[in-house]
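User: Please take a close look at the surroundings of the ligand in this structure, and explain them step by step for a first-year student.

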Amino acid sequence: RSRDWPPVWTSFVGRRASNSVYGWPDEAFDIAWRTRRVLGHTVHLVSEPDAIGRVLLDNKANYERPALVRRLLRGGLGDGLFNAEGESWREQRRIVAPTFSPAAVAGFAKPIAHVVQEQVARWPAGTRPMDMAAEATSATMGIIAATLFGGDSRLTAPAAAGHITAMLDAAGRARLTALLGMPALGPGSSRARAGGRFLRDTLGALADERARTGGRDDFFGGLVAALHARYPAPQARELAVDNAVTFYVAGHETTANALTWTIYLLAAQPLLQETLRVEALAALGGDVETLDARLPRLRAVLDEALRLYPPAPRLDREAMADDELAGHAVRRGDLVSIWPYVLHRHRAWWDQPDAFDPERFLGDRRVGMHRYQYLPFGAGPRVCVGARFAVVEALIVLAHWLAARRFSLRGGPPPVPVGRVTLRPAGGMPLELAPV
Ligand code: HEM
(Lines give C-alpha, C1' and ligand atoms only; values in the text may rest on other atoms or scores of the structure.)
Protein backbone atom coordinates (compact mmCIF):
# COMPACT_ATOMS: atom_id res chain seq x y z
CA ARG A 1 0.00 0.00 0.00
CA SER A 2 1.32 3.45 -0.83
CA ARG A 3 1.95 5.56 2.24
CA ASP A 4 -0.23 8.45 1.11
CA TRP A 5 -3.26 6.20 0.75
CA PRO A 6 -4.87 5.97 4.18
CA PRO A 7 -6.35 2.69 5.44
CA VAL A 8 -10.05 2.32 4.76
CA TRP A 9 -12.82 1.15 7.02
CA THR A 10 -14.95 -1.49 5.39
CA SER A 11 -17.41 -2.81 7.90
CA PHE A 12 -20.36 -0.67 6.84
CA VAL A 13 -20.55 -1.93 3.29
CA GLY A 14 -23.64 -4.06 3.68
CA ARG A 15 -24.75 -6.72 1.25
CA ARG A 16 -27.49 -8.70 2.96
CA ALA A 17 -29.95 -5.85 3.22
CA SER A 18 -29.75 -5.09 -0.46
CA ASN A 19 -29.71 -8.76 -1.30
CA SER A 20 -33.03 -9.27 0.43
CA VAL A 21 -34.40 -6.24 -1.41
CA TYR A 22 -33.62 -8.01 -4.67
CA GLY A 23 -34.96 -11.30 -3.47
CA TRP A 24 -31.82 -13.19 -4.49
CA PRO A 25 -30.60 -15.63 -1.85
CA ASP A 26 -27.18 -15.30 -0.31
CA GLU A 27 -25.85 -18.25 -2.38
CA ALA A 28 -26.30 -16.13 -5.51
CA PHE A 29 -22.97 -14.58 -4.55
CA ASP A 30 -21.32 -18.03 -4.68
CA ILE A 31 -22.82 -19.67 -7.74
CA ALA A 32 -22.33 -18.62 -11.32
CA TRP A 33 -25.65 -19.85 -12.73
CA ARG A 34 -29.19 -19.95 -11.44
CA THR A 35 -32.45 -20.45 -13.33
CA ARG A 36 -35.86 -19.29 -12.13
CA ARG A 37 -39.37 -19.15 -13.53
CA VAL A 38 -40.77 -15.63 -13.21
CA LEU A 39 -44.33 -14.96 -14.40
CA GLY A 40 -44.12 -17.50 -17.17
CA HIS A 41 -40.58 -16.60 -18.24
CA THR A 42 -37.46 -18.69 -17.77
CA VAL A 43 -34.82 -16.35 -16.39
CA HIS A 44 -31.15 -17.34 -16.11
CA LEU A 45 -29.08 -15.36 -13.64
CA VAL A 46 -25.56 -15.50 -15.05
CA SER A 47 -22.50 -14.46 -13.06
CA GLU A 48 -19.88 -16.27 -15.13
CA PRO A 49 -17.61 -13.77 -16.96
CA ASP A 50 -16.97 -16.01 -20.02
CA ALA A 51 -20.71 -16.61 -20.48
CA ILE A 52 -21.37 -12.87 -20.05
CA GLY A 53 -18.78 -12.18 -22.76
CA ARG A 54 -20.70 -14.50 -25.08
CA VAL A 55 -24.02 -12.75 -24.38
CA LEU A 56 -22.75 -9.19 -24.67
CA LEU A 57 -20.17 -9.60 -27.43
CA ASP A 58 -19.21 -12.95 -28.98
CA ASN A 59 -22.74 -14.08 -29.79
CA LYS A 60 -24.37 -10.66 -29.43
CA ALA A 61 -26.69 -11.03 -32.40
CA ASN A 62 -28.53 -13.75 -30.47
CA TYR A 63 -29.27 -11.56 -27.44
CA GLU A 64 -31.54 -8.53 -27.76
CA ARG A 65 -33.25 -6.34 -25.21
CA PRO A 66 -36.29 -8.37 -24.10
CA ALA A 67 -39.38 -7.61 -26.21
CA LEU A 68 -41.39 -7.16 -23.02
CA VAL A 69 -38.97 -4.53 -21.71
CA ARG A 70 -38.97 -2.69 -25.03
CA ARG A 71 -42.78 -2.64 -25.04
CA LEU A 72 -42.83 -1.20 -21.52
CA LEU A 73 -40.24 1.43 -22.35
CA ARG A 74 -41.74 2.50 -25.66
CA GLY A 75 -44.25 4.87 -24.01
CA GLY A 76 -41.42 6.98 -22.61
CA LEU A 77 -38.27 6.34 -24.62
CA GLY A 78 -40.02 5.69 -27.94
CA ASP A 79 -37.64 4.19 -30.48
CA GLY A 80 -34.62 6.14 -29.26
CA LEU A 81 -31.16 4.65 -28.84
CA PHE A 82 -31.82 2.67 -25.65
CA ASN A 83 -34.93 1.00 -26.97
CA ALA A 84 -34.01 0.47 -30.63
CA GLU A 85 -32.77 -2.77 -32.18
CA GLY A 86 -31.26 -3.77 -35.54
CA GLU A 87 -30.58 -1.23 -38.26
CA SER A 88 -32.35 1.61 -36.49
CA TRP A 89 -30.14 1.10 -33.41
CA ARG A 90 -26.95 0.90 -35.51
CA GLU A 91 -27.81 4.10 -37.36
CA GLN A 92 -28.67 6.04 -34.20
CA ARG A 93 -25.60 4.80 -32.36
CA ARG A 94 -23.44 5.91 -35.30
CA ILE A 95 -25.04 9.37 -35.17
CA VAL A 96 -24.79 9.78 -31.40
CA ALA A 97 -21.41 8.18 -30.63
CA PRO A 98 -19.13 11.05 -31.80
CA THR A 99 -20.95 13.53 -29.57
CA PHE A 100 -19.96 11.41 -26.56
CA SER A 101 -16.34 10.82 -27.63
CA PRO A 102 -13.59 11.75 -25.15
CA ALA A 103 -12.78 14.89 -27.17
CA ALA A 104 -16.42 16.00 -27.24
CA VAL A 105 -16.86 15.24 -23.54
CA ALA A 106 -13.80 17.37 -22.67
CA GLY A 107 -15.81 20.30 -24.04
CA PHE A 108 -18.51 19.62 -21.40
CA ALA A 109 -16.07 20.03 -18.49
CA LYS A 110 -16.61 23.78 -18.19
CA PRO A 111 -20.42 23.77 -18.08
CA ILE A 112 -20.29 20.85 -15.62
CA ALA A 113 -17.93 22.79 -13.33
CA HIS A 114 -20.16 25.85 -13.63
CA VAL A 115 -23.29 23.96 -12.51
CA VAL A 116 -21.55 22.44 -9.48
CA GLN A 117 -19.89 25.73 -8.50
CA GLU A 118 -23.33 27.36 -8.39
CA GLN A 119 -24.66 24.46 -6.33
CA VAL A 120 -21.85 24.62 -3.77
CA ALA A 121 -22.29 28.39 -3.48
CA ARG A 122 -25.94 27.78 -2.47
CA TRP A 123 -25.03 25.36 0.35
CA PRO A 124 -25.52 26.90 3.80
CA ALA A 125 -22.45 27.88 5.77
CA GLY A 126 -21.74 26.05 9.02
CA THR A 127 -22.34 22.40 9.89
CA ARG A 128 -25.62 21.13 8.46
CA PRO A 129 -27.36 17.87 7.62
CA MET A 130 -28.09 17.53 3.91
CA ASP A 131 -29.73 14.89 1.73
CA MET A 132 -26.88 14.21 -0.67
CA ALA A 133 -29.09 12.01 -2.87
CA ALA A 134 -31.27 15.08 -3.59
CA GLU A 135 -28.18 17.26 -4.11
CA ALA A 136 -26.73 14.71 -6.51
CA THR A 137 -29.97 14.61 -8.52
CA SER A 138 -30.16 18.37 -8.71
CA ALA A 139 -26.56 18.51 -9.97
CA THR A 140 -26.98 15.86 -12.67
CA MET A 141 -30.28 17.32 -13.85
CA GLY A 142 -28.70 20.76 -14.20
CA ILE A 143 -25.71 19.25 -15.97
CA ILE A 144 -27.79 17.42 -18.60
CA ALA A 145 -29.65 20.66 -19.41
CA ALA A 146 -26.42 22.69 -19.49
CA THR A 147 -24.33 20.29 -21.55
CA LEU A 148 -26.74 18.58 -23.95
CA PHE A 149 -29.42 21.24 -24.40
CA GLY A 150 -27.42 24.48 -24.33
CA GLY A 151 -28.72 25.39 -20.85
CA ASP A 152 -32.14 26.26 -22.31
CA SER A 153 -34.12 28.14 -19.65
CA ARG A 154 -37.27 26.09 -20.31
CA LEU A 155 -35.40 23.06 -18.96
CA THR A 156 -33.54 24.75 -16.13
CA ALA A 157 -36.50 26.65 -14.61
CA PRO A 158 -37.40 25.32 -11.13
CA ALA A 159 -40.85 24.22 -12.36
CA ALA A 160 -39.23 22.15 -15.10
CA ALA A 161 -37.14 20.23 -12.58
CA GLY A 162 -40.37 19.32 -10.74
CA HIS A 163 -41.99 17.99 -13.95
CA ILE A 164 -38.95 16.03 -14.99
CA THR A 165 -38.49 14.53 -11.52
CA ALA A 166 -42.16 13.47 -11.39
CA MET A 167 -41.82 11.67 -14.68
CA LEU A 168 -38.56 9.98 -13.77
CA ASP A 169 -39.83 9.01 -10.30
CA ALA A 170 -42.82 7.30 -11.83
CA ALA A 171 -40.44 5.27 -13.94
CA GLY A 172 -38.71 4.14 -10.77
CA ARG A 173 -41.90 3.29 -8.89
CA ALA A 174 -43.54 1.20 -11.57
CA ARG A 175 -44.86 -2.11 -10.30
CA LEU A 176 -43.50 -4.06 -13.21
CA THR A 177 -40.03 -3.57 -11.87
CA ALA A 178 -40.83 -6.63 -9.78
CA LEU A 179 -40.77 -8.64 -12.99
CA LEU A 180 -37.77 -7.28 -14.81
CA GLY A 181 -36.37 -4.39 -12.86
CA MET A 182 -37.34 -2.09 -15.69
CA PRO A 183 -39.65 0.91 -15.66
CA ALA A 184 -43.09 1.23 -17.21
CA LEU A 185 -42.84 4.76 -18.50
CA GLY A 186 -46.21 4.82 -20.20
CA PRO A 187 -48.94 4.77 -17.57
CA GLY A 188 -48.48 6.44 -14.20
CA SER A 189 -49.82 9.05 -11.86
CA SER A 190 -51.29 12.22 -13.32
CA ARG A 191 -48.25 14.20 -12.11
CA ALA A 192 -45.99 11.80 -13.92
CA ARG A 193 -48.11 12.01 -17.07
CA ALA A 194 -48.01 15.81 -16.90
CA GLY A 195 -44.25 15.59 -16.38
CA GLY A 196 -43.84 13.30 -19.38
CA ARG A 197 -45.97 15.65 -21.50
CA PHE A 198 -43.95 18.66 -20.38
CA LEU A 199 -40.68 16.97 -21.24
CA ARG A 200 -41.81 15.79 -24.68
CA ASP A 201 -43.49 19.15 -25.52
CA THR A 202 -40.49 21.20 -24.42
CA LEU A 203 -37.98 18.96 -26.13
CA GLY A 204 -40.20 18.89 -29.24
CA ALA A 205 -40.21 22.71 -29.32
CA LEU A 206 -36.43 22.73 -28.93
CA ALA A 207 -36.08 20.20 -31.75
CA ASP A 208 -38.28 22.36 -34.03
CA GLU A 209 -36.23 25.47 -33.27
CA ARG A 210 -32.95 23.68 -33.94
CA ALA A 211 -34.36 22.23 -37.19
CA ARG A 212 -35.55 25.69 -38.32
CA THR A 213 -32.32 27.50 -37.61
CA GLY A 214 -30.05 24.59 -38.53
CA GLY A 215 -28.17 25.48 -35.33
CA ARG A 216 -25.52 22.86 -34.60
CA ASP A 217 -23.69 24.68 -31.90
CA ASP A 218 -24.85 22.47 -29.07
CA PHE A 219 -25.25 18.74 -28.61
CA PHE A 220 -28.98 18.71 -29.37
CA GLY A 221 -28.60 20.93 -32.44
CA GLY A 222 -25.99 18.52 -33.82
CA LEU A 223 -28.23 15.55 -33.11
CA VAL A 224 -31.29 17.15 -34.75
CA ALA A 225 -29.26 18.05 -37.85
CA ALA A 226 -27.81 14.54 -38.13
CA LEU A 227 -31.24 12.92 -37.77
CA HIS A 228 -32.76 15.26 -40.38
CA ALA A 229 -29.95 14.38 -42.79
CA ARG A 230 -30.83 10.69 -42.45
CA TYR A 231 -34.61 10.45 -41.90
CA PRO A 232 -37.74 12.16 -43.29
CA ALA A 233 -38.69 15.22 -41.19
CA PRO A 234 -41.52 13.75 -39.05
CA GLN A 235 -39.47 10.67 -38.18
CA ALA A 236 -36.36 12.78 -37.49
CA ARG A 237 -38.35 14.96 -35.09
CA GLU A 238 -39.80 11.94 -33.31
CA LEU A 239 -36.37 10.34 -32.92
CA ALA A 240 -34.85 13.62 -31.72
CA VAL A 241 -37.43 13.81 -28.93
CA ASP A 242 -37.16 10.07 -28.14
CA ASN A 243 -33.39 10.42 -27.75
CA ALA A 244 -33.62 13.63 -25.76
CA VAL A 245 -35.91 11.85 -23.26
CA THR A 246 -33.59 8.83 -23.38
CA PHE A 247 -30.58 10.94 -22.38
CA TYR A 248 -32.52 12.48 -19.52
CA VAL A 249 -33.67 9.09 -18.26
CA ALA A 250 -30.45 7.13 -18.85
CA GLY A 251 -28.07 9.92 -17.98
CA HIS A 252 -29.30 11.62 -14.86
CA GLU A 253 -30.28 9.20 -12.13
CA THR A 254 -27.48 6.74 -12.86
CA THR A 255 -24.83 9.41 -12.38
CA ALA A 256 -26.71 10.86 -9.41
CA ASN A 257 -26.56 7.46 -7.73
CA ALA A 258 -22.87 7.06 -8.52
CA LEU A 259 -22.27 10.42 -6.80
CA THR A 260 -24.48 9.51 -3.84
CA TRP A 261 -22.82 6.16 -3.12
CA THR A 262 -19.32 7.53 -3.61
CA ILE A 263 -19.85 10.37 -1.17
CA TYR A 264 -21.44 7.93 1.28
CA LEU A 265 -18.37 5.68 1.16
CA LEU A 266 -16.13 8.71 1.65
CA ALA A 267 -18.22 10.07 4.53
CA ALA A 268 -17.05 7.10 6.59
CA GLN A 269 -13.40 7.73 5.71
CA PRO A 270 -12.18 11.08 7.08
CA LEU A 271 -8.53 10.33 6.29
CA LEU A 272 -9.20 9.24 2.76
CA GLN A 273 -11.40 12.29 2.27
CA GLU A 274 -8.48 14.46 3.36
CA THR A 275 -6.16 12.79 0.83
CA LEU A 276 -8.69 13.29 -1.93
CA ARG A 277 -9.31 16.90 -0.91
CA VAL A 278 -5.62 17.65 -1.42
CA GLU A 279 -5.78 15.97 -4.85
CA ALA A 280 -8.98 17.87 -5.72
CA LEU A 281 -7.66 21.28 -4.66
CA ALA A 282 -4.50 20.79 -6.73
CA ALA A 283 -6.55 19.66 -9.76
CA LEU A 284 -9.09 22.49 -9.48
CA GLY A 285 -6.24 24.99 -9.77
CA GLY A 286 -5.48 23.82 -13.34
CA ASP A 287 -7.20 23.64 -16.69
CA VAL A 288 -10.85 22.53 -16.40
CA GLU A 289 -10.80 20.52 -19.64
CA THR A 290 -8.28 18.05 -18.23
CA LEU A 291 -9.47 18.15 -14.64
CA ASP A 292 -10.50 14.51 -14.48
CA ALA A 293 -7.07 13.30 -15.63
CA ARG A 294 -5.54 14.93 -12.56
CA LEU A 295 -7.73 12.96 -10.13
CA PRO A 296 -6.31 9.39 -10.26
CA ARG A 297 -7.16 8.51 -6.65
CA LEU A 298 -10.64 9.91 -6.88
CA ARG A 299 -11.06 7.88 -10.07
CA ALA A 300 -10.10 4.68 -8.21
CA VAL A 301 -12.62 5.53 -5.47
CA LEU A 302 -15.32 6.13 -8.08
CA ASP A 303 -14.53 2.80 -9.78
CA GLU A 304 -14.76 1.03 -6.43
CA ALA A 305 -18.06 2.74 -5.61
CA LEU A 306 -19.42 1.64 -9.00
CA ARG A 307 -18.34 -1.92 -8.13
CA LEU A 308 -20.06 -2.00 -4.72
CA TYR A 309 -23.12 -0.01 -5.76
CA PRO A 310 -23.50 -0.24 -9.56
CA PRO A 311 -26.16 2.37 -10.45
CA ALA A 312 -27.50 0.06 -13.20
CA PRO A 313 -27.69 -3.12 -11.10
CA ARG A 314 -29.00 -5.47 -13.80
CA LEU A 315 -28.95 -5.94 -17.57
CA ASP A 316 -31.46 -8.19 -19.30
CA ARG A 317 -31.40 -9.89 -22.66
CA GLU A 318 -33.71 -12.28 -24.52
CA ALA A 319 -32.32 -15.24 -26.50
CA MET A 320 -33.38 -15.06 -30.17
CA ALA A 321 -32.38 -18.73 -30.74
CA ASP A 322 -31.22 -21.71 -28.66
CA ASP A 323 -27.69 -21.39 -27.32
CA GLU A 324 -25.38 -22.83 -24.70
CA LEU A 325 -23.80 -20.70 -21.99
CA ALA A 326 -21.24 -22.06 -19.52
CA GLY A 327 -22.48 -25.60 -20.25
CA HIS A 328 -26.15 -24.71 -19.67
CA ALA A 329 -28.85 -24.86 -22.33
CA VAL A 330 -30.57 -21.58 -23.16
CA ARG A 331 -33.79 -21.82 -25.18
CA ARG A 332 -35.18 -19.30 -27.62
CA GLY A 333 -37.24 -16.78 -25.65
CA ASP A 334 -35.40 -17.36 -22.36
CA LEU A 335 -34.26 -14.26 -20.51
CA VAL A 336 -30.64 -13.90 -19.51
CA SER A 337 -30.19 -11.62 -16.57
CA ILE A 338 -26.75 -10.23 -15.81
CA TRP A 339 -26.53 -8.51 -12.45
CA PRO A 340 -23.49 -6.30 -12.06
CA TYR A 341 -24.54 -5.99 -8.42
CA VAL A 342 -24.15 -9.74 -7.87
CA LEU A 343 -21.18 -10.16 -10.21
CA HIS A 344 -19.30 -7.30 -8.53
CA ARG A 345 -19.62 -8.95 -5.11
CA HIS A 346 -19.23 -12.52 -6.27
CA ARG A 347 -16.86 -14.53 -4.13
CA ALA A 348 -15.40 -16.44 -7.09
CA TRP A 349 -14.17 -13.29 -8.83
CA TRP A 350 -13.28 -10.87 -6.06
CA ASP A 351 -11.02 -10.98 -3.07
CA GLN A 352 -13.00 -9.75 -0.04
CA PRO A 353 -15.88 -8.71 -2.28
CA ASP A 354 -17.74 -6.66 0.33
CA ALA A 355 -14.71 -4.63 1.35
CA PHE A 356 -14.29 -1.06 0.15
CA ASP A 357 -10.78 -1.19 -1.31
CA PRO A 358 -10.19 1.45 -4.00
CA GLU A 359 -6.65 0.20 -4.53
CA ARG A 360 -8.14 -2.61 -6.61
CA PHE A 361 -8.43 -0.06 -9.36
CA LEU A 362 -5.06 1.61 -9.03
CA GLY A 363 -2.20 0.87 -11.39
CA ASP A 364 -1.31 -2.76 -12.02
CA ARG A 365 -3.89 -4.36 -9.79
CA ARG A 366 -6.52 -3.91 -12.49
CA VAL A 367 -4.53 -5.95 -14.98
CA GLY A 368 -5.50 -9.38 -13.61
CA MET A 369 -9.23 -8.73 -13.87
CA HIS A 370 -11.41 -10.62 -16.33
CA ARG A 371 -12.83 -8.32 -18.96
CA TYR A 372 -16.39 -9.26 -17.98
CA GLN A 373 -16.20 -9.33 -14.19
CA TYR A 374 -16.68 -5.57 -13.79
CA LEU A 375 -19.56 -4.10 -15.77
CA PRO A 376 -20.84 -0.81 -14.34
CA PHE A 377 -21.41 0.46 -17.89
CA GLY A 378 -22.23 -2.89 -19.53
CA ALA A 379 -20.04 -4.16 -22.37
CA GLY A 380 -20.08 -4.95 -26.09
CA PRO A 381 -21.83 -2.85 -28.72
CA ARG A 382 -24.56 -1.74 -26.30
CA VAL A 383 -22.08 -0.49 -23.73
CA CYS A 384 -23.21 2.79 -22.16
CA VAL A 385 -22.72 5.48 -24.76
CA GLY A 386 -22.47 8.06 -21.96
CA ALA A 387 -19.78 6.23 -19.94
CA ARG A 388 -17.02 8.76 -20.54
CA PHE A 389 -19.45 11.62 -19.97
CA ALA A 390 -20.54 10.06 -16.67
CA VAL A 391 -17.00 9.54 -15.38
CA VAL A 392 -15.89 13.09 -16.24
CA GLU A 393 -19.09 14.49 -14.74
CA ALA A 394 -18.77 12.47 -11.52
CA LEU A 395 -15.11 13.38 -11.01
CA ILE A 396 -15.67 17.09 -11.55
CA VAL A 397 -18.70 17.18 -9.24
CA LEU A 398 -16.96 15.16 -6.50
CA ALA A 399 -13.79 17.29 -6.70
CA HIS A 400 -15.83 20.45 -6.16
CA TRP A 401 -17.84 18.89 -3.33
CA LEU A 402 -14.71 17.66 -1.54
CA ALA A 403 -12.97 20.99 -1.95
CA ALA A 404 -15.93 22.78 -0.36
CA ARG A 405 -17.10 20.61 2.56
CA ARG A 406 -16.22 17.73 4.88
CA PHE A 407 -18.76 14.92 4.78
CA SER A 408 -19.52 12.62 7.69
CA LEU A 409 -22.07 9.93 8.42
CA ARG A 410 -25.04 10.81 10.59
CA GLY A 411 -26.26 8.44 13.29
CA GLY A 412 -28.77 5.72 12.53
CA PRO A 413 -28.78 2.58 10.39
CA PRO A 414 -26.84 2.56 7.11
CA PRO A 415 -28.92 3.35 4.02
CA VAL A 416 -30.42 0.33 2.31
CA PRO A 417 -29.82 0.10 -1.44
CA VAL A 418 -33.02 -0.45 -3.39
CA GLY A 419 -32.55 -1.95 -6.84
CA ARG A 420 -35.36 -0.80 -9.09
CA VAL A 421 -34.36 0.83 -12.32
CA THR A 422 -31.26 2.15 -10.62
CA LEU A 423 -29.63 1.28 -7.32
CA ARG A 424 -30.60 4.09 -5.00
CA PRO A 425 -30.63 4.43 -1.22
CA ALA A 426 -34.09 4.05 0.33
CA GLY A 427 -34.95 7.32 2.07
CA GLY A 428 -32.17 9.40 0.51
CA MET A 429 -28.64 9.89 1.80
CA PRO A 430 -28.60 12.14 4.85
CA LEU A 431 -25.01 13.19 5.61
CA GLU A 432 -23.49 15.86 7.83
CA LEU A 433 -21.69 18.64 5.94
CA ALA A 434 -19.14 20.81 7.71
CA PRO A 435 -16.94 23.65 6.45
CA VAL A 436 -13.46 22.65 5.32
C1 HEM B 1 -26.64 2.21 -21.61
C2 HEM B 1 -24.90 2.43 -17.08
C3 HEM B 1 -24.58 7.27 -17.43
C4 HEM B 1 -26.82 7.07 -21.73
C5 HEM B 1 -26.14 1.86 -20.38
C6 HEM B 1 -25.89 0.50 -19.93
C7 HEM B 1 -25.43 0.58 -18.66
C8 HEM B 1 -25.35 1.97 -18.30
C9 HEM B 1 -25.05 -0.59 -17.76
C10 HEM B 1 -26.08 -0.76 -20.76
C11 HEM B 1 -27.44 -1.36 -20.57
C12 HEM B 1 -27.58 -2.70 -21.28
O13 HEM B 1 -26.61 -3.21 -21.86
O14 HEM B 1 -28.68 -3.24 -21.25
C15 HEM B 1 -24.69 3.78 -16.79
C16 HEM B 1 -24.11 4.25 -15.54
C17 HEM B 1 -24.02 5.61 -15.64
C18 HEM B 1 -24.54 5.99 -16.95
C19 HEM B 1 -23.69 3.37 -14.37
C20 HEM B 1 -23.49 6.62 -14.65
C21 HEM B 1 -22.63 6.35 -13.68
C22 HEM B 1 -25.10 7.64 -18.67
C23 HEM B 1 -25.11 8.99 -19.20
C24 HEM B 1 -25.77 8.93 -20.40
C25 HEM B 1 -26.14 7.54 -20.63
C26 HEM B 1 -24.52 10.22 -18.50
C27 HEM B 1 -26.10 10.02 -21.40
C28 HEM B 1 -26.09 11.28 -21.16
C29 HEM B 1 -26.99 5.73 -22.04
C30 HEM B 1 -27.64 5.27 -23.26
C31 HEM B 1 -27.58 3.86 -23.23
C32 HEM B 1 -26.90 3.50 -22.00
C33 HEM B 1 -28.27 6.14 -24.33
C34 HEM B 1 -28.10 2.90 -24.29
C35 HEM B 1 -26.99 2.62 -25.28
C36 HEM B 1 -27.37 1.63 -26.37
O37 HEM B 1 -28.25 0.79 -26.16
O38 HEM B 1 -26.74 1.70 -27.43
N39 HEM B 1 -25.79 2.74 -19.36
N40 HEM B 1 -24.94 4.84 -17.60
N41 HEM B 1 -25.70 6.79 -19.57
N42 HEM B 1 -26.56 4.65 -21.31
FE43 HEM B 1 -25.65 4.76 -19.51
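Analyst: In this predicted model, four elements each supply at least two residues of the shell around the ligand: the helices α4 (86-96), α13 (233-267) and α17 (387-404), and the strand β5 (315-319). The largest share comes from α13, which gives seven residues. In total, 26 residues surround the ligand, and the closest are R65, W89, R93, R317 and C384. Sorted by class, the shell has 16 nonpolar, six polar and four charged residues.

The iron atom of the ligand deserves separate attention. Its only protein donor is C384, through the atom SG, at 2.3 Å. C384 does not belong to a helix or a strand; this residue lies in the loop between α16 (340-343) and α17.

The oxygen atoms of the ligand have polar partners in the protein. An N or O atom in the side chain of R317 is 2.7 Å from an oxygen atom of the ligand. For W89, a polar side-chain atom lies 2.8 Å from a ligand oxygen. R382 also brings a polar side-chain atom to an oxygen atom of the ligand, at 2.9 Å.

The elements of the shell can now be followed outwards, beginning with α4. Side chains of opposite charge can pair when their charged atoms come close. One such pair is the salt bridge between E91 and R230, with N and O 2.9 Å apart. E91 lies in helix α4 and R230 in helix α12 (residues 219-230), so this salt bridge ties together parts that are 139 residues apart in sequence. Are the two partners buried or exposed? E91 counts as buried because its relative accessibility is 9%, under the limit of 20%. R230, at 39%, counts as partly exposed, since values from that limit up to 50% fall in between.

Other salt bridges occur elsewhere, and a search of the whole structure finds 25 of them. Among them is the pair of D322 and R331, at 3.5 Å from N to O. R331 is partly exposed, with a relative accessible area of 48%. Another joins R345 to D354, whose closest N and O atoms are 3.3 Å apart. R345 is buried, its relative accessible area being 0%. Salt bridges with shared partners also join E91, R94 and R230 into one network.

Helix α17, a further contributor to the shell, takes part in an aromatic contact. The whole structure holds 16 aromatic pairs. In one of them, the ring centres of F108 and F389 are 5.3 Å apart and the planes stand at 70 degrees, so the pair is edge-to-face. F108 sits in the loop between α5 (102-106) and α6 (109-122), while F389 is in helix α17, and the two are 281 residues apart. Both rings belong to buried residues: F108 has a relative accessibility of 10%, and F389 has a relative accessible area of 5%. Ring pairs link F108 and F389 with F100, F219 and F247 into a cluster.

A second aromatic pair consists of W350 and F361, whose ring centres are 6.5 Å apart and whose planes are at 45 degrees, so the pair is tilted. Both residues lie in the loop between α16 and α17, so this pair ties together parts that are 11 residues apart in sequence. W350 and F361 are both buried. The loop between α16 and α17 is also where C384 lies, the residue that donates SG to the iron atom.

Note on methods. Residues are numbered from 1 along each chain as its sequence is written. This is a predicted model: local features need pLDDT of at least 70, side-chain atom pairs count only at pLDDT 80 or more; totals for chains, interfaces and linings use all residues. Side-chain values use heavy atoms; hydrogens and water are left out. A residue is near a molecule or strand if one of its heavy atoms lies within 4 Å of it. A polar contact is a pair of N or O atoms within 3.5 Å; within protein, one must be able to donate a hydrogen and the other to accept it, and residues adjacent in sequence count only if both atoms are side-chain atoms. Ala, Val, Leu, Ile, Met, Phe, Trp, Tyr, Cys and Pro count as nonpolar, Asp, Glu, Lys and Arg as charged, and the others, Gly among them, as polar. Donors are N, O and S atoms within 2.8 Å of the metal (3.2 Å for Na, K and Ca); water is not among the atoms, so sites may look incomplete. A salt bridge is a side-chain nitrogen of Lys or Arg within 4 Å of a carboxyl oxygen of Asp or Glu. Buried means under 20% relative accessible area, exposed over 50%, partly exposed in between (1.4 Å probe, protein chains only). Rings of Phe, Tyr and Trp (its six-membered ring) pair if their centres lie within 6.5 Å; planes under 30 degrees apart count as stacked, over 60 as edge-to-face and the rest as tilted.
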